[in-house]
Amino acid sequence: MTESIASASPRHGTRQVSIGKVLVGARAPVVVQSMTNTDTADHISTAIQVAQLARAGSELVRITVNNDESAKAVPRIREQLLKMNQDVPLIGDFHYNGHKLLADNPDCAATLDKYRINPGNVGHGHKRDTQFAQIVEMACKYDKPVRIGVNWGSLDQSVMARMMDENARRAEPWDAGAVMREALIVSALESAKAAEDVGLAGNRIILSCKVSSVQDLIATYRELARRSDYPLHLGLTEAGIGSKGIVASTAALSVLLQEGIGDTIRISLTPEPNGSRTQEVVVAQEILQSMGLRAFTPMVTACPGCGRTTSTFFQELAGSVQDYVRDKMPEWRLQYDGVENLTLAVMGCIVNGPGESKHANIGISLPGTGETPAAPVFVDGQKVTTLRGDNIALEFRDILDNYVATKYPKKIR
């Protein structure tokens with residue numbers, strides 16, 4: 001994984017958890033996670049989507065394991081992924097019946113790289129502790145890490161009731177939001193202690209406390225980080241669709257990441273109709289890369305346009321260049337060291353175009369509307385050519401390909 005290049009605060013916590021070949025926590029880079037939305041029992045469709053997410057850059061992929069059919073499919077999913085040359089770690093998401101599914105399907109238990117337990121959905125009454133312990137015992141048996149994932153939509157009601165009782169006895173009771181946040185944190189910390197009491201090592205535990213409110217998420221994780229040193233998984237649960245989900249997730253996670261809080265992240269976007277599931281991966285990467293925490297793929301600087309750029313050509317070129325480098329990254333990542341740090345600029349007119357292009361490794365300054373139809377290209381700050389005519393996009397792509405092939409050292413296989 002690419003090392004951190006950020007000026008953010010020192011990272012929270014000292015524990016580090018290994019999930020397959022991926023390291024999470026302590027000084028390891030923040031890891032991108034995603035989740036499938038296929039029927040896990042359909043092992044072919046699920047493996048295809050897992051592979052798509054992994055190729056897009058997801059370093060961990062979570063799959064639903066909710067019934068016997070899906071549990072039995074897990075080893076077949078792994079087999080199919082190996083045929084596709086994908087070994088991304090798989091996380092099993094369990095609710096209500098995880099203890100039974102893991103016990104009844106040892107191949108599933110052994111194949112998964114991590115288990116996710118929701119303390120609010122593991123069982124009720126006297127069954128809760130027993131069934132929680134059974135899942136943890138399986139994790140110990142197969143040496144699997146566990147994420148204890150608390151969610152305010154399925155919070156353990158016994159913990160919430162206890163917090164409300166305690167609050168009622170305070171001389172100055174907290175407001176409802178503060179009580180809810182405390183219940184989330186207590187549920188996570190008490191569950192972590194219970195898992196360690198069963199025998200799970202502290203360096204095999206990751207915590208999360210997900211809510212769908214930006215300010216509540218920030219407040220909850222700040223306090224959770226203050227009171228524990230487990231690695232933390234960040235995500236705004238049920239973030240929403242389109243720009244709402246992207247903006248809310250970015251607002252919440254950026255604050256926490258800048259404070260050094262968060263070791264894995266997932267962007268829980270509602271997919272657009274017929275949209276790609278990989279969008280959540282792209283958004284997670286762009287948050288981390290925009291903050292300087294990770295580098296995943298060359299990113300394109302492009303101007304917003306104005307009255308000088310009524311032509312749509314520079315917009316189309318910026319989009320096509322961004323799509324091109326994303327499509328090429330799976331190949332480039334295997335061939336060249338450091339190519340993810342490449343910077344590009346596609347500018348629309350002469351006002352800021354040449355200057356911004358000089359700041360990028362490769363930049364092009366397109367003519368504004370009515371200006372001379374000539375587009376100077378800059379490489380590492382120096383003008384190298386001027387493109388004209390109908391083939392500017394293809395010629396610029398050739399310059400990009402040549403730069404990658406000559407500037408970045410080839411990896412030794």
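Which helices each supply at least two residues of the lining of the largest pocket? I will come to that in a moment, after a word on the model itself. What we are looking at is a predicted model, in which local features need pLDDT of at least 70 and side-chain atom pairs count only at pLDDT 80 or more, while totals for chains, interfaces and linings use all residues. Residues are numbered from 1 along each chain as its sequence is written, and side-chain values use heavy atoms, with hydrogens and water left out.

Now to the opening question: the helices are helix 1, residues 43-56, and helix 11, residues 313-335, where helices are DSSP runs of H or I with at least four residues, strands are runs of E with at least two, and both are numbered from the N terminus. Helix 11 gives the most to this lining, with three residues. A pocket here is an open set of points on a 1 Å grid over the protein atoms alone, where a 1.4 Å probe fits and protein lies on both sides within 12 Å along at least five of seven lines, and lining residues have an atom within 4 Å of a point. The largest pocket holds about 1,000 Å³ of space, a volume being the space filled by probe spheres set on the points. It is lined by 28 residues, and those nearest its centre are A54, S58, E59, R333 and L334.

Let me turn to the first of two sheets, which is open and has eight strands in the order 8-7-6-5-4-3-11-9, with parallel pairing; two strands pair if DSSP finds at least two bridges between them. At its edges are strand 8, residues 205-210, and strand 9, residues 233-234, each of which pairs on one side only. Further in, strand 3 (31-35) and strand 11 (264-265) pair in the parallel sense over two bridges, and V32 stands opposite I265 in strand 11. Helix 1 packs on this sheet, touching strand 3, strand 4 and strand 5, and its direction makes about 155 degrees with that of strand 4, with contact meaning heavy atoms within 4.5 Å and angles running from 0 to 180 degrees between N-to-C directions of axes fitted to C-alpha atoms, for helices over the stretch in contact.

Helix 8, residues 214-227, lies across strand 8 and strand 9, running at about 150 degrees to strand 8. Is L224, which lies in helix 8, buried or exposed? L224 counts as buried because its relative accessibility is 0%, where buried means under 20% relative accessible area, exposed over 50%, and partly exposed in between, for a 1.4 Å probe and protein chains only. Leaving aside residues up to four places away in sequence, L224 touches I185, L189, L207, C209 and L232.

The other sheet is also open, with five strands in the order 13-14-15-16-17 and mixed pairing. Strand 13 (299-302) and strand 17 (382-387) stand at the edges with a single partner strand each, so one side of each is left without a neighbour in the sheet. Strand 14 (343-347) and strand 15 (362-365) run parallel and are joined by four bridges, whereas strand 16 (375-379) pairs with strand 17 in the antiparallel sense over five bridges. Finally, helix 11, which we met at the largest pocket, packs on this sheet and touches strand 13, strand 14 and strand 15, at about 160 degrees to the direction of strand 14.
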